[in-house]
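Notebook open, structure loaded. I want to look up how some helices pack, then go through the ring pairs and a few single residues.

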Amino acid sequence: MLPNTGRLAGCTVFITGASRGIGKAIALKAAKDGANVVIAAKTTQTHPKLQGTIYTAAEEIQAAGGKALPCVVDVRDEQQISDAVEKAVEKFGAYTIAKYGMSMCVLGMAEEFKGEIAVNALWPKTAIHTAAMDMLGGSGIESQCRKVDIIADAAYCIFKKPKSFTGNFIIDENILKEEGITNFDVYAVTPGHPLLPDFFLDEQPETVIKKMESHGADPELKKEKLPPPPKPCSGAVEETFRIVKESLSDDVVKATQAIYQFELSGEDGGTWFLDLKSKGGNVGYGEPSDRADVVMSMSTDDFVKMFSGKLKPVVAFLSGKLKIKGNMALAIKLEKLMNQMNARL
C-alpha cells in the first residue's frame with residue numbers, strides 16, 4: 001500500500017460519487033492527510049442493497065482526519081453542480097482537486113486549462129470490487145477483482161504531482177510501479193487468484209480465460225460467446241479511406257475544419273491523410289499539402305478497428321495503441337466522423 005505523506009493537508013478535494021466505492025476510497029485516502037473533502041453524490045437515504053450515504057461517508061472522512069461537506073448532487077443537473085461548488089468555496093475557500101467521471105473531455109479540458117488546472121484520467125488495469133460489480137458479475141466475482149484501495153492510492157499519486165502533469169490517461173498499476181510499489185497482491189480481494197481485466201481495456205479474452213482456468217477459476221467471461229479473432233487486414237486501410245471519402249461532404253468539412261495525418265505501421269501502412277478543411281474534403285496516401293492539425297500514430301490493424309467501431313479511440317489512446325500530436329480538441333472531433341463510418345465498415 002502507498003503510505004500517506006501529508007501532502008494534501010489543507011487541500012480541498014471535490015469528489016463525485018463519494019458516498020461509496022471508488023469515490024469514497026479516494027476521499028478517505030485524502031482525509032488521512034487532513035484534506036477537506038466535498039462529497040458530491042445522490043444518495044441521502046440508506047439503500048437496501050447499496051451501503052452508504054453522503055452523510056455516513058462524511059462521518060468516515062472526519063474519523064479519518066479530514067473535514068467533510070456532504071452535498072446532494074446529480075451530475076446530470078448543472079445547477080446542483082454549481083450549487084455544490086459555491087458551498088465548497090463558502091466553506092473551504094476554494095477547491096484545488098476534483099475527481100469526476102472520465103471521458104474524452106479530459107483531452108480537451110487539459111488543453112483548454114493548461115497552466116491553470118491539471119486534468120487527468122485514471123483507469124484500473126483490472127476489475128475493481130464495488131457494489132456495482134457484485135450486481136453485474138454475480139456471486140464470486142469479487143475473487144477476480146482488486147480492492148478500491150488501488151484506485152485511491154493511484155489517485156493520491158496524481159494529486160501529488162504539479163499542474164504541468166496534465167492531459168494524461170493513466171493506468172493505476174503503472175503509476176504505482178513508478179512510485180516503487182511492487183507487491184500488488186495486497187490490493188487483491190483474494191491474493192493469488194487470477195484477475196479479470198477491466199472491461200474497457202483492450203485485452204484478449206481468450207488469453208484471460210486460459211489463465212483463469214489453469215488456476216481452477218470459472219471466469220464470468222465464458223458466459224458469453226467470444227468473438228472470432230480478427231482476420232488479417234490486407235487492403236483494409238485503403239478500403240477504409242475509400243469509404244471515408246464517399247462519406248465526406250461540405251457539411252462535414254464545415255463542422256470539422258481540420259487536417260489529420262495518420263502514421264500507420266504494418267501491412268498497408270505508411271503516411272495517409274484526411275483533409276477536412278478543403279472544399280468537399282479529401283483523403284489520400286502521403287502527407288497532406290497543408291500542415292496537419294493532428295498527427296495520429298498507430299498500427300494498420302488498430303486503425304481499421306477504430307474506424308469500424310471495434311476499438312474505441314479513448315481505449316486505444318489509454319492503452320498506448322494510439323499516439324496523438326497536435327490539437328486535442330480537433331482529435332476529439334474526428335470521433336464523430338468515426339461513428340458515422342461504423343455501420344459501413
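My entries follow, one topic at a time.

**Entry 1: ground rules**

I'm working with a predicted model, so I keep that in mind throughout.

**Entry 2: helix 1 against helix 6**

I began with helix 1 (residues 21–31) and helix 6 (residues 149–159). Their axes are 8 Å apart, and the helices pack at an angle of about 55 degrees. That makes helix 1 oblique to helix 6. I also looked up the handedness: this crossing is right-handed.

Which residues make the contact? On the helix 1 side I noted Ile22, Ala25, Ile26 and Lys29. Helix 6 brings in Ile151, Ala152, Asp153, Ala155, Tyr156 and Phe159. Sorting the residues of this contact by type, I get eight nonpolar, two charged and no polar.

**Entry 3: helix 9 against helix 11**

Next up were helix 9 (residues 236–247) and helix 11 (residues 300–307). Here I have axes 9 Å apart and a packing angle of about 30 degrees. Roughly parallel or oblique? With anything under 35 degrees counted as roughly parallel, helix 9 and helix 11 are therefore roughly parallel to each other. The crossing of helix 9 with helix 11 is left-handed.

For the contact itself, I listed Ala236, Val237, Thr240, Phe241 and Val244 from helix 9. They meet Thr300, Phe303, Val304 and Phe307 of helix 11. By type, the residues of this contact split into seven nonpolar, two polar and no charged.

**Entry 4: aromatic pairs**

Rings next. I describe a pair of aromatic rings by the distance of the centres and the angle of the planes. How many aromatic pairs are there? With ring centres within 6.5 Å as the rule, the count comes to eight.

One of them is Phe184 with Tyr187, at 6.1 Å centre to centre and 40 degrees between the planes, which makes the pair tilted. I checked accessibility for both partners, with buried meaning under 20% relative accessible area. Phe184 has 11%, so I put Phe184 down as buried. Tyr187 has 0%, so Tyr187 goes down as buried too.

Another is Phe241 with Phe262, an edge-to-face pair: 5.8 Å between centres, 70 degrees between planes. Where do the two sit? Phe241 is in helix 9 and Phe262 in strand 7 (residues 258–265), so this pair ties together parts that are 21 residues apart in sequence. Both Phe241 and Phe262 are buried.

I then followed the ring pairs onward from Phe241 and Phe262. They link up with Trp272, Tyr285, Phe303 and Phe307 to give a cluster. Three names in that cluster, Phe241, Phe303 and Phe307, were already in my list for the contact of helix 9 with helix 11.

**Entry 5: two single residues**

Glu173 caught my eye while I was on Phe184. Glu173 lies in helix 7 (residues 172–178). Buried or exposed? Relative accessibility is 8%, so Glu173 counts as buried. Leaving aside neighbours within four places in sequence, Glu173 is in contact with Lys125, Arg146 and Phe184. That last name is the Phe184 of the tilted pair with Tyr187.

Last lookup: Thr56, in helix 2 (residues 54–63). Relative accessibility comes out at 32%, so Thr56 counts as partly exposed. How far is Thr56 from Ser19 in sequence and in space? I get 37 residues along the sequence and 7.6 Å in space, C-alpha to C-alpha.

Note on methods. Residues are numbered from 1 along each chain as its sequence is written. This is a predicted model: local features need pLDDT of at least 70, side-chain atom pairs count only at pLDDT 80 or more; totals for chains, interfaces and linings use all residues. Side-chain values use heavy atoms; hydrogens and water are left out. Axes are lines fitted to C-alpha atoms, for helices over the stretch in contact, and angles run from 0 to 180 degrees between N-to-C directions. Helices (H or I, at least four residues) and strands (E, at least two) are DSSP runs, numbered from the N terminus. Angles under 35 degrees count as roughly parallel, over 145 as roughly antiparallel, 65 to 115 as roughly perpendicular and the rest as oblique. A crossing is left-handed if the near helix is turned anticlockwise from the far one by less than a right angle, and right-handed if clockwise. Contact means heavy atoms within 4.5 Å. Ala, Val, Leu, Ile, Met, Phe, Trp, Tyr, Cys and Pro count as nonpolar, Asp, Glu, Lys and Arg as charged, and the others, Gly among them, as polar. Rings of Phe, Tyr and Trp (its six-membered ring) pair if their centres lie within 6.5 Å; planes under 30 degrees apart count as stacked, over 60 as edge-to-face and the rest as tilted. Buried means under 20% relative accessible area, exposed over 50%, partly exposed in between (1.4 Å probe, protein chains only).
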